[in-house]
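Me: Got a model open here. Can you walk me through it?

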Amino acid sequence: MMKKIKFSFSAEKKLWVGDGFYVHPLLRPQEGLYQFTCPFILMDYSPPFEFGKTSKRRGVGEHPHRGFETVTFAFKGEVEHRDSSGGGGLIKPGDVQWMTAGEGVVHDEFHSESFSKKGGLFEMVQLWVNLPKKHKMTKPKYQSISDNIIPKLVLNGKTQLRVIAGKLLSTEGPASTFSTINIYDITCSSEDTIELSLDDGSNTIILVRDGEIMLEGNVFEKNTLVVFEQAGQKLKFKATKNFKGLLLNGMPINEPIFSYGPFVMNTKEEIEKALSDYEKGKMGNLN
Ligand code: MN
């Protein structure tokens, strides 16, 4: 059975996150929607944007997280992260940074020094992945997933899929995850048709970054998110213009969530505890 479209939305507004990320806020933990996107909580997409040269560092200064993971996908430009658990690194085009905040970190996220000096096109995705209740207070962890360790599969002799997390056919992605997740970075030429098998009962989201795809007779253009029904094991679509996009798939974590700013927990009491732990400096600090 085919997975059917549950809903879709196109980005209209953009907002600045700090002074380095000019994003379409595509996904937020909204009541009524989260059950169909879980374990994916939030997605900010910075479509290609030209930054001029500067001697300062654009980005987002020190801030905390608890209870989930932040995953940054670099497509153009470079970002540098540092966190209070000692994790951090430089991510370049094609690289993915997977940071498990768990019990809590503070971190900062800036354009790299060399990108800032040169300027140029910048394109990123930041995704928040929820942690199951039993792992929310796990120790912080940092996975630096560089492009050269991400397996690339070619289907039908032309469509390229980079397997970042989970599995595709017998190819496994490098990311280690706390729940069942598949993430593919897909590039298709115009007129290619792609057909994938996914688990029945899983949640599936496609981000169209570039080009367009046709699904159920409708065309979805860039800066659009398509969310599918949980029922069904097959997903089939056609690129009607050279397509680039991310496919996110995961088994839902059937637990309540309570989110507030940079914290995502299960209850209001746990959020209050997170705020007080942060204020007391229990999530560490940079330097
Ligand atoms: Mn952050």
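Me: Start with a loop. Where does Glu191 lie?
Reply: Glu191 lies in the loop between β17 (181–188) and β18 (193–197). Strands here are DSSP E runs of at least two residues, helices are H or I runs of at least four, and both are numbered from the N terminus.

Me: And what's this model based on?
Reply: This is a predicted model: local features need pLDDT of at least 70, side-chain atom pairs count only at pLDDT 80 or more, and totals for chains, interfaces and linings use all residues. Residues are numbered from 1 along each chain as its sequence is written, and side-chain values use heavy atoms, with hydrogens and water left out.

Me: Back to Glu191. What is its phi?
Reply: Positive, about 80°, although Glu191 is not a glycine.

Me: Is Glu191 buried, exposed or partly exposed?
Reply: Partly exposed, because its relative accessibility is 48%. The scale runs: buried under 20% relative accessible area, exposed over 50%, partly exposed in between, with a 1.4 Å probe and protein chains only.

Me: Which other non-glycine residue has a positive phi?
Reply: Asn223, with phi near 70°. Asn223 is found in the loop between β20 (218–221) and β21 (224–228). Asn223 counts as buried because its relative accessible area is 15%.

Me: Switching topic. What holds the manganese ion?
Reply: His63 (NE2), His65 (NE2), His107 (NE2) and Glu109 (OE), at 2.1 to 2.3 Å. Donors are N, O and S atoms within 2.8 Å of the metal (3.2 Å for Na, K and Ca); water is not among the atoms, so sites may look incomplete.

Me: What spacing do those donors follow along the chain?
Reply: H-x1-H-x41-H-x1-E. Distant parts of the chain are linked this way: His63 sits in strand β5 (residues 59–65) and His107 in strand β10 (residues 105–111), 44 residues apart.

Me: Are His63 and His107 buried or exposed?
Reply: His63 is buried, because its relative accessibility is 16%. His107 is buried as well, at 0%.

Me: Where's the cis peptide bond?
Reply: Between Cys38 and Pro39, with omega about 10°. Pro39 is in the loop between α1 (34–37) and β4 (40–51).

Me: What does Gly250 touch?
Reply: Both residues of that cis bond, Cys38 and Pro39, are on its list. So are Phe40, Thr180, Ile181, Ser202 and Asn203, not counting residues up to four places away in sequence. Contact means heavy atoms within 4.5 Å. Gly250 and Asn203 are 47 residues apart in sequence and 5.3 Å apart in space, C-alpha to C-alpha.

Me: Which strand holds Gly250?
Reply: Strand β22 (residues 234–250). Gly250 is buried, because its relative accessibility is 0%.

Me: Now α3. Which of its residues are buried?
Reply: Ile271, Ala274 and Asp277. Seen down the axis, they fall within an arc of 125°, so they line one face of the helix. The arc is that of the directions from the helix axis to the C-beta atoms. The face turned away carries the exposed residues Glu269 and Glu279.

Me: What does the buried side pack against?
Reply: The buried residues of α3 pack against β23 (258–260) and β24 (263–265). Just after α3, Gly281 takes a positive phi of about 80°.

Me: How many residues of β9 are buried?
Reply: Five of its five, in a strand that runs over residues 96–100. Val96, Trp98 and Thr100 are on one side, Gln97 and Met99 on the other.

Me: What does β9 pair with?
Reply: Strand β6 (residues 68–76), antiparallel, over five bridges. Also strand β12 (residues 141–145), antiparallel, over five bridges. Two strands pair if DSSP finds at least two bridges between them. Gln97 bridges to Thr72 and to Ser144 in β12.

Me: Last one. Which residues touch the most other members of the largest nonpolar core?
Reply: Phe40, Met43, Phe73, Leu127 and Ile183, in a core of 29 residues. A nonpolar core is a set of buried Ala, Val, Leu, Ile, Met, Phe, Trp, Tyr and Cys residues joined through side-chain atoms within 4.5 Å. Apart from that core lies another, of 24 residues, among them Ile5, Leu155, Leu198 and Ile213.
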